[in-house]
Protein chains: 2
Amino acid sequence: MTEDVAQRILAGDVRALARAASWVENRRPEAEALLRELFPRTGRALILGVTGAPGAGKSTLCDQLTEALRAEGKTVGVIAVDPTSPYTGGAILGDRIRMQRHHADPGVFIRSMATRGWLGGLAAATTEMTMLLDAAGRDVVLVETVGVGQDEVEIARLAAVTIVVLVPGMGDDVQAIKAGIMEIADVFVINKADLPGADKLERELKSYLSLAHRPDGWTPSIVRTVASEGKGISETLEAVREYHSRGSSPDRAAQIWSVRLREMLRERLLDRVPAQDFVAAGREVAEQRRNPYSILHDWLERL
Amino acid sequence: MTEDVAQRILAGDVRALARAASWVENRRPEAEALLRELFPRTGRALILGVTGAPGAGKSTLCDQLTEALRAEGKTVGVIAVDPTSPYTGGAILGDRIRMQRHHADPGVFIRSMATRGWLGGLAAATTEMTMLLDAAGRDVVLVETVGVGQDEVEIARLAAVTIVVLVPGMGDDVQAIKAGIMEIADVFVINKADLPGADKLERELKSYLSLAHRPDGWTPSIVRTVASEGKGISETLEAVREYHSRGSSPDRAAQIWSVRLREMLRERLLDRVPAQDFVAAGREVAEQRRNPYSILHDWLERL
């Protein structure tokens with residue numbers, strides 16, 4: 001069955017793609033069989049990560065980038081990496097309607113990725129969704145992360161080109177978080193550049209960049225946008241392409257895959273312990289009936 | 001050696017505690033041996049998670065809570081969960097001086113936890129640091145998360161009591177993120193309550209809470225603070241204690257430990273694959289010489 005779906009996906013069938021995307025989301029065994037088959041067809045899409053502080057306008061920017069790419073005749077996949085409620089297990093942002101105007105366009109395929117109440121797993125699932133959209137022939141795959149935690153930042157970093165979106169006049173904590181994501185940017189976008197403080201932010205950024213030395217010698221570009229008005233979008237794409245046209249360094253590509261493999265392995269290893277074993281063990285430790293380390297020891301012996 | 005350190009920690013020796021904390025941070029094998037020994041001495045501290053959007057003033061709140069607890073004669077441990085630069089591997093926020101005024105007070109022990117360039121792992125390390133401070137006799141352990149990603153939210157949720165800090169007048173994305181963390185709050189703090197919009201935020205919160213039904217029947221309290229002026233701090237502690245005095249439900253405690261065990265197991269399983277294997281495999285996949293799924297298959301066979 002996965003062979004048939006693979007053929008249809010390669011032929012551009014959007015319904016087959018949607019079905020496969022659900023397999024990836026729900027961690028169905030079919031996903032692995034399918035992606036194993038599709039892997040040789042990957043590697044053609046431009047994978048573009050978009051991250052940044054909350055309120056920076058990442059969704060609007062992605063929407064406008066999609067619009068501009070469609071105007072060029074390019075097909076687009078959008079993966080929105082969202083947090084999930086740990087209580088309900090459902091996607092909190094699922095009902096937030098993303099990029100509504102592209103809804104009827106088969107050239108735009110949008111999926112939200114959410115964790116299912118467990119830590120981690122998001123990077124592995126996002127990797128697989130990216131492979132799927134790449135193999136399906138999407139010219140560009142946008143990976144937009146909604147949170148600004150370490151995981152979301154790392155996920156954006158697994159793209160070929162990473163845009164970090166900043167906005168003038170954010171508070172102290174945001175400055176601190178910015179520090180965590182500064183070093184992953186290939187392109188900086190100063191969005192809402194019509195707000196006061198844009199010049200100051202650009203100066204700070206330039207002064208930061210004059211001190212930072214990337215191993216690959218690239219100095220990240222800085223682009224100003226007002227995404228809500230469509231300003232600076234073509235300049236953003238230009239900056240992305242300028243970086244991308246240098247060609248990914250073999251080291252960088254290998255590093256990205258080594259992180260991805262680690263994440264994929266992690267998920268598969270944990271699947272070996274039945275969920276009810278975690279529940280039972282949790283109870284034993286909570287009641288101080290067993291030492292957590294002796295439980296871990298037993299599991300590791302058994303696996 | 002760990003036995004000796006354990007004895008000194010139980011006797012209140014802060015230097016031994018600092019040494020053990022470094023073991024936990026650096027994932028040294030001594031950490032496991034030590035914590036296995038200390039585990040029976042855990043379970044006494046009040047573990048208090050503090051999370052919320054960037055700029056909400058979490059650090060200031062933690063600082064003030066620490067001050068108030070010290071005034072009561074309580075000893076405090078503070079664990080700041082920070083993102084890290086994926087390039088340098090060093091703690092980005094390490095040099096941000098935290099809670100400087102408590103620096104000379106042996107009754108306050110502060111550590112920053114950072115990921116070491118890999119996804120995940122932070123929850124396991126934070127759990128172990130919490131166990132250590134608990135066993136060391138700290139009356140209260142504050143776990144402050146700096147990021148607002150899924151992982152950071154989950155880490156805060158692994159506390160006995162979770163404070164979610166909100167602030168009036170945040171943007172759209174923050175509203176979305178708020179949705180992800182709304183359900184983990186035992187106590188809501190509206191910080192910067194002197195800003196316009198505090199009433200509106202409290203109304204929204206109350207209307208949300210009137211619809212939300214927690215399995216344990218608790219309705220989260222709402223406290224207003226101006227942490228920078230020390231306002232509302234004793235009210236916050238009172239709300240925390242009110243919730244805590246109900247006693248943790250056995251289900252909740254078991255659930256917390258089941259998540260912790262899963263995270264701890266995950267780290268240990270990944271340690272079985274040498275780092276250079278990930279690097280070599282990453283290169284093979286990046287160059288399309290091997291299919292990632294056949295590599296995973298080989299690893300899973302071997303493990």
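Visitor: Is C62(B) buried or exposed?
Guide: This is a predicted model, where local features need pLDDT of at least 70, side-chain atom pairs count only at pLDDT 80 or more, and totals for chains, interfaces and linings use all residues. Residues are numbered from 1 along each chain as its sequence is written, chains are lettered from A and ligands numbered from 1 in the order written, and side-chain values use heavy atoms, without hydrogens or water. Buried means under 20% relative accessible area, exposed over 50%, partly exposed in between (1.4 Å probe, protein chains only). C62(B) has a relative accessible area of 0%, so C62(B) is buried.

Visitor: How many disulfides are there over all chains?
Guide: A disulfide is a pair of cysteine sulfur atoms within 2.5 Å. By this rule, the count over all chains is zero.

Visitor: What span does helix α9 of chain A reach from its first C-alpha to its last?
Guide: Helices (H or I, at least four residues) are DSSP runs, numbered from the N terminus. The expected span is 1.5 Å times one less than the number of residues. Helix α9 covers residues 233–245 of chain A, and its span is close to the expected 18 Å. It reaches 18 Å.

Visitor: Where do the buried residues of α9(A) lie?
Guide: They include I233(A), L237(A) and Y243(A). The arc is taken from the directions from the helix axis to the C-beta atoms. These buried residues fall within an arc of 160 degrees, so they line one face of the helix.

Visitor: Which residues are exposed on the other side of α9(A)?
Guide: The buried residues of α9(A) include T236(A) and V240(A). On the other side, the exposed residues are E238(A) and S245(A).

Terms used: Helices (H or I, at least four residues) and strands (E, at least two) are DSSP runs, numbered from the N terminus.
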